[in-house]
Amino acid sequence: MADGPSTWYSLHLFDRHGTCLYHRDWTQDGTKEGASRPLDDKKMMFGLLFSLKSFVRALEPKEKAADGADGSARTGTTSTFRSFRTSTYKLHYLESPTGIRVVLVTDPTAGDHGDTLRYIYRAIYLEYAVKNPLYDVGAPVDCPLFVAALEKYAHAMMGVR
């Protein structure tokens, strides 16, 4: 888990096609200065993730073929970024084997939230959304038990009572 309580700014869940399945904003009034339309924000977030993933792949070292020529196979085909930090926020990222992307934006002093993202995916998304017989996989998540479990977990992780 993370080093200690940290402030969560937002959480996004995307499917492998870039559809935003869930978004929650914990900022004070749900907006930020200079905010664009919510749909544009979601598209920009997914575009950022797509670009960073492509950039990481481009930087991977390539294997050398037996004859010394560069091969097309890559050594670290599972390389991905897990987080990045700016002066105002830290973005934490997890991509599941099924292509679900969990994105958590926190304060910049936050520690590693890899375990947090895995918990949200496994214990909250899979349990309360995917296993819900009324939920259509790939549709936006609108399951009250999912939202309640996520809120309870988020407040516990942020140290909110």
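Which residue just after helix 3 takes a positive phi? Gly159 does, at about 75°.

Hi everyone, a little background before we go on. This is a predicted model, where local features need pLDDT of at least 70 and side-chain atom pairs count only at pLDDT 80 or more, while totals for chains, interfaces and linings use all residues. Residues are numbered from 1 along each chain as its sequence is written, and side-chain values use heavy atoms, with hydrogens and water left out.

Helices (H or I, at least four residues) and strands (E, at least two) are DSSP runs, numbered from the N terminus. Helix 3 covers residues 144-158, and its 15 residues reach 21 Å from first C-alpha to last. That is close to the 21 Å expected at 1.5 Å a residue, taking 1.5 Å times one less than the number of residues.

Several helix 3 residues are buried, including Phe146, Leu150, Tyr153 and Met157; buried means under 20% relative accessible area with a 1.4 Å probe, protein chains only. Their cover includes strand 1 (8-14), strand 2 (20-25) and helix 2 (114-130).

Now to the largest nonpolar core, which has 26 residues. Such a core is a set of buried Ala, Val, Leu, Ile, Met, Phe, Trp, Tyr and Cys residues joined through side-chain atoms within 4.5 Å. Among the members touching the most others are Trp8, Val102 and Phe146. Helix 3 gives the most to this core, with seven residues.

Lastly, Phe81 sits in the loop between strand 4 (70-74) and strand 5 (83-85). Its C-alpha is 6.9 Å from that of Lys53, 28 residues away along the chain.

Technical notes. Buried means under 20% relative accessible area, exposed over 50%, partly exposed in between (1.4 Å probe, protein chains only). Contact means heavy atoms within 4.5 Å.
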